[in-house]
Amino acid sequence: MRIDTVFCRRVVKAAALPCIALISFIAGVAFEAGMNRGEGVEAASGHVYQLMIYHTLPGKAPALESIFRDVSKLQARHGLNAVGYWVPGGNDPAWDDTFVYLLDHPSREAAEANWNALHSDPDFEPYFKAAAPLIRQANGNYLVDLVYMQPTEYSALK
């Protein structure tokens, strides 16, 4: 039995490119697995930010902004430190009746303690009474989106 050398050369040539591609792929996967051990991104500490989005009745966002201009001083007195306050700028009707702000807290526990202190302060009640009729409600609940967020390890804000 004689092996056709031309046939063998053709088989080796045809298999060479897929074999090189497969070896390169396996090497890349192995390298990536060594570089990325599947660890999740963790926050730098217990530090949190609190995003608040108030949905107002049509045309009432400027009035709510005015109330927050004054209540912000009371919030700061109770450790509720605002990073900033925002109103929509542009022609996006979905955001027309919103007021947004971001608070900076050393921890979730501190945030809750500071909110409790603000809400029990008698000076806060007039602000609450002024703001309540401006905020949309659904099923007796004010439409306020609230989310606590932790900075990632690569975030400029920690």
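Reader: What pattern does the chain follow, read along the sequence?

Author: This is a predicted model, and along its sequence the chain goes α-β-α-β-β-α-α-β-β-β. Counted up, the secondary structure is 4 helices and 6 strands.

Reader: How much of the chain is made up of buried residues?

Author: Of the 158 residues in the chain, 26% are buried. As for the accessible surface, the total is about 11000 Å², with carbon and sulfur atoms holding 60% of that.

Reader: And what share of the contacts joins residues 24 or more positions apart?

Author: Take the contacts with a separation of 6 or more: 75% of them are between residues 24 or more positions apart. Here's one pair to look up: Thr98 and Tyr54 sit 44 residues apart in sequence, but their C-alpha atoms are 5.4 Å apart in space.

Reader: Let's stay with Thr98. Where is Thr98, and is it buried or exposed?

Author: Thr98 belongs to strand E3, residues 98-105. Buried means under 20% relative accessible area. Thr98 has 1% relative accessibility, so it counts as buried. Skipping residues up to four places away in sequence, Thr98 touches Ile53, Tyr54, His55, Thr56, Ala61 and Pro88. There is a polar link too: a polar atom of the Thr98 side chain lies 2.7 Å from the backbone oxygen of Trp95.

Reader: OK, strands next. How do I read the way E1 and E3 pair?

Author: Start with a general idea: in a regular strand, side chains alternate between the two faces of the sheet. For pairing, look at direction and bridges. E1 and E3 are antiparallel, with 8 bridges, and across from Gln50 you'll find Leu103 in E3. E1 also runs antiparallel to strand E6 (residues 144-149), joined by 6 bridges. On that side, Leu51 has Val147 in E6 as its bridge partner.

Reader: Why is E1 described as largely enclosed by the rest of the structure?

Author: Count its buried residues. In strand E1 (residues 48-55), 7 of the 8 residues are buried, so the strand is largely enclosed by the rest of the structure.

Reader: What does the side chain of His55 make a polar contact with?

Author: With the side chain of Asp145, at 2.7 Å. His55 lies in strand E1, and its relative accessibility is 17%, so it counts as buried. Apart from neighbours within four places in sequence, His55 is in contact with Asp97, Thr98, Ile135, Arg136, Leu143 and Asp145.

Reader: Now a loop residue. Where is Ser107 found?

Author: Ser107 is in the loop between E3 and helix H3 (108-120). Don't assume anything from the word "loop": with a relative accessible area of 17%, Ser107 is buried. Its contacts, leaving aside neighbours within four places in sequence, are Gly46 and Val48.

Reader: How many residues are in the largest nonpolar core?

Author: The largest nonpolar core has 20 residues, and the ones with the most contacts inside it are Tyr54, Leu64, Phe68, Phe99, Tyr101, Trp115 and Leu118. At least two residues each come from E1, helix H2 (61-77), E3 and H3. H2 gives the most, with 5 residues. Try following Leu118: beyond residues up to four places away in sequence, Leu118 touches Leu74, Gln75, His78, Leu80 and Phe124.

Reader: What about the rings? How many aromatic pairs are there?

Author: The count is 10 aromatic pairs. One of them is Phe99 with Tyr101, a tilted pair with 6.2 Å centre to centre and 45 degrees between the planes. Phe99 and Tyr101 are both buried. Ring pairs also link Tyr54, Phe68, Tyr85, Phe99 and Tyr101 into a cluster.

Reader: And why does the pair of Phe124 and Phe128 count as tilted?

Author: Look at the angle between the planes. Planes under 30 degrees apart count as stacked and over 60 as edge-to-face, with the rest tilted. The planes of Phe124 and Phe128 are at 40 degrees, with centres 6.4 Å apart, so the pair is tilted. Their burial is worth checking as well: Phe124 has 13% relative accessibility, so it is buried, while Phe128 has 42% and counts as partly exposed.

Definitions and conventions
Residues are numbered from 1 along each chain as its sequence is written. This is a predicted model: local features need pLDDT of at least 70, side-chain atom pairs count only at pLDDT 80 or more; totals for chains, interfaces and linings use all residues. Side-chain values use heavy atoms; hydrogens and water are left out. Buried means under 20% relative accessible area, exposed over 50%, partly exposed in between (1.4 Å probe, protein chains only). Contact means heavy atoms within 4.5 Å. Accessible areas come from the Shrake-Rupley method with a 1.4 Å probe; for residues, only the protein chains shown count as cover. Rings of Phe, Tyr and Trp (its six-membered ring) pair if their centres lie within 6.5 Å; planes under 30 degrees apart count as stacked, over 60 as edge-to-face and the rest as tilted. A polar contact is a pair of N or O atoms within 3.5 Å; within protein, one must be able to donate a hydrogen and the other to accept it, and residues adjacent in sequence count only if both atoms are side-chain atoms. Two strands pair if DSSP finds at least two bridges between them. A nonpolar core is a set of buried Ala, Val, Leu, Ile, Met, Phe, Trp, Tyr and Cys residues joined through side-chain atoms within 4.5 Å.
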